[in-house]
Amino acid sequence: MPPKITKVSKKRKTSSSSNQSTLDAFRRVATPPKASRDAAAPESSVAPMMIDHDNSIAAKATLGTFSRPSQPKVIVRNFKEPPLRELPNDYFEEIWENHRRLLLMIFQKQPIRTSLQLAYEACETVCRYHKAEEVYRRLESELLVQIQQLATSLLEGLKISDGEFITTLNREWVELCSALVLIRNVFMELDRRYLIRATEYSSIIDLGKQLFREHVIESAKVRSTAISKLLALITEDRNGNTIDKTLVRSLVTMLVELNMYSDVFEPAFLKSTGDYYRAEADRLLQQLSVPGYLMHASRRYEEEADQRINEYLEPSSRTRLLEAVKTQFVYAKIDQILEKGFDGMMETMDKEPLHILYTSIVSDRGVSQLRIALSNYIKHRGTELIKDPKQDSRMITSLLTYKAKLDEIVRDCFHNDDMFLHALKDSFETFVNSRRAKPAELLAKFIDSKLRANSKQKNTEEDLNQLLDRVLVIFRYLQGKDAFEAFYKRFLSKRLLLSRSASNDMEKSVLAKLKTECGSGFTKNLEAMFKDIEVSGDLSSQFKSSNEFPSDNAMGFQVNVLAQGIWPTYSMCEFTLPPQMQEYQTAFETFYTSKFKGRRLTWQNSLASCAVKAHFKSGVKDLTVSLLQTAVLLLFNDVDTLGYSDIAQATNMEEKELKRTLQSLSCGQHKLLLKDSSGMEVATTDSFKYNSEFTASSVRLKINVLQQEQSGEERKATETKVLVDRQHQLEAAIVRIMKAKRRLNHTELMNELFAQVKFPLEASDIKKRIESLIDREYLGRDEESSGTYIYK
């Protein structure tokens, strides 16, 4: 016995108070002496562990203070199993015979005529007398006999007929489980004292199930029949027929409890599933459209992964089962699906089937085939949108609609998968640049149509901003951004010079967006154009207040002074101005040259516009016309009819420009002049009469100015300028690279150029520039290797 541990507590000193007697509630409690306690507790009655408490707690009390009681003394005695006498053998045999009869009653489903409580106590007794192992051996033997009889019965039933086999098997299993539960309750003490400690089984129930597996289910005939019948029931369920799902669930539970579900049943079940859906997929892919086929596949996914798992299969099979179904419906048929219906689903935006297709193969290598199919579709359909010159007027609108459609599909169907986003970007960029500079020109023209003041579509600033954001997405795909800049600059100059810009804020907003995309170098000249317009406004105000301004002040006069290297170049159009206009022009020249010494003005009269009042019998109209048109119209102030030669002599205008001007006045929507010949062409023999009978519902009219629209010559000039600029940039890049590397072969130089130059390159163009640089002795060839270049 361990030594007694006593704890001595130091008591607090108390004062001797006359009221101490009033706290006599804390008194010493007397206990019997140690010897008497030991005598009162004989060895045979000692519990497995006894803890004695010394309840002698001394307490003294004084007024206003308590003393701390001493801790109880704890005594711990060692556990020692009391010795048991040997259980008589005949008594043990009698007890087992009673247990055996009870087992027979349970297995044979007879009424139990003995007390289960007495049977339990008898088992407890023999186990305490070290007979647990013998009881276990005899119980195992009895269980084995009964289960072998059950196996024999099932096999004999199979020989006669297997129609009700699976129902019989389930019934026998359920009854066995019920019997094992009852047996385990009777032999509970055997579980505790022997099975858990000395065997591999956790309980008698586990023992019985293991015997059932070894002698019943692992029989080749029983197992194969049970599995095949169970799979047949599941197939019937898949075919839409009514089956006993409770029976299937019970049998699946049996296989789980026998540890045969994953190793025995599931492989056969997945193979059966694959065979079933392979045949169904082959049949339906021929009968249904691809969207209908994929919708059917989705319903099958739900049936297998949700309904059957919840009703009678194990949740652990969900992933493998769904994979088996997807393999047959999509993985194995991906080539046929994509070839037969992918483009059609993309055209009609069948988003749900596309989403099903993506989610079915997202974790498989088939997803790369889907990405390739998307890329091919984007290129093919996009090329159709831009390759027809007859559709150029609608190209940008079609591209915006097409891009919005693709974005929606990638977002809703492909979950914005990075792989598909990259495919969209690369494919869009490929087909947009297949027509070289044409998309860049049309994109600049589209923006121009939205920013012009006379745009037919009146968009709010917010709508216009959203539209421009979408347009800039197309702009990002352009490889020839320098071509876009050239065309945009030309359109911008028309808007600024002819005061046709709808909003100065929107113009600057577009520049800010372009600057964000391409840097300040891209928009430097465009920003300088706005600066020129602002400076020109200040100059016009100073001119009006100067001494050079004509004193009659008969008309308004506004001059835009433009820096030559910033603005686009235009062809000169020489003609004779009306005398009054010539007076104002000469006066401004005098004013400007006096203010800025050494500068010279070159007049671009073909870009000028005028606002004039025209008198007709129907009333006065305010006309907005070009300066060329004005020069012609003013000739009719003195006469009603003039011939072509008279107009040409008075204006000294080039024949091409004169015919274009007369055509706009006599053959357009508003016929201010009447031509004596029919048709749209103007001949040198035609004569023109002022149309005093002209009528129009509007007071303010704008006469379409053909020469203000970008002509074929201007377009060609812009393209030529872009090509020349590219040649200079390419040569500069070659010299810069060679200066840094000093020596490169042709392939290395090509790779460097493709990496550094932003616009699209052709190998033939690079070769021409290299030869030009060699001729001008910027580069030289290696004497030993003609394919190697040396910087000089």
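**Note on salt bridges, a buried serine and a helix pair**

1. E429 is partly exposed, with a relative accessible area of 21%, and in this predicted model its side chain meets that of K425 in a salt bridge of 3.5 Å, N to O. K425 is likewise partly exposed, at 41%, and because the two residues are four apart in helix α17 (residues 418-432), about one helical turn separates E429 from K425.

2. A salt bridge also joins R495 and E507, whose closest N and O atoms are 2.6 Å apart. Since R495 belongs to helix α20 (residues 481-497) and E507 to helix α21 (residues 504-518), the pair ties together parts twelve residues apart in sequence; both R495 and E507 are buried.

3. Within helix α2 (residues 89-107), R101 and E97 lie four residues apart, about one turn of the helix, and their side chains form a salt bridge of 3.6 Å, N to O. R101 is partly exposed at 39%, as is E97 at 29%.

4. The count of salt bridges comes to 47, and a network of them links D237, R238, E280, R300, E303, E304 and R308.

5. S317, in the loop between α11 (290-311) and α12 (318-329), counts as buried because its relative accessibility is 0%. Its side chain makes a polar contact of 2.6 Å with that of Y261.

6. Helices α22 (residues 520-544) and α23 (residues 579-595) pack at about 105 degrees, their axes 11 Å apart, which makes α22 roughly perpendicular to α23. From α22, L539, Q542 and F543 meet residues of α23 including Y584, F588 and K595, and the contact residues divide into seven nonpolar, one polar and one charged.

Technical notes
Residues numbered from 1 in each chain as written. Predicted model: local features only at pLDDT ≥ 70, side-chain atom pairs only at ≥ 80, totals over all residues. Heavy atoms only, no water. Axes fitted to C-alpha atoms, helices over the stretch in contact; angles between N-to-C directions. Parallel < 35°, antiparallel > 145°, perpendicular 65-115°, else oblique. Contact = heavy atoms within 4.5 Å. Nonpolar A, V, L, I, M, F, W, Y, C, P; charged D, E, K, R; others polar. Buried < 20%, exposed > 50% of the residue type's maximum accessible area, 1.4 Å probe, protein only. Polar contact = N/O pair within 3.5 Å; in protein donor to acceptor, adjacent residues only side chain to side chain. Salt bridge = Lys/Arg side-chain N within 4 Å of Asp/Glu carboxyl O.
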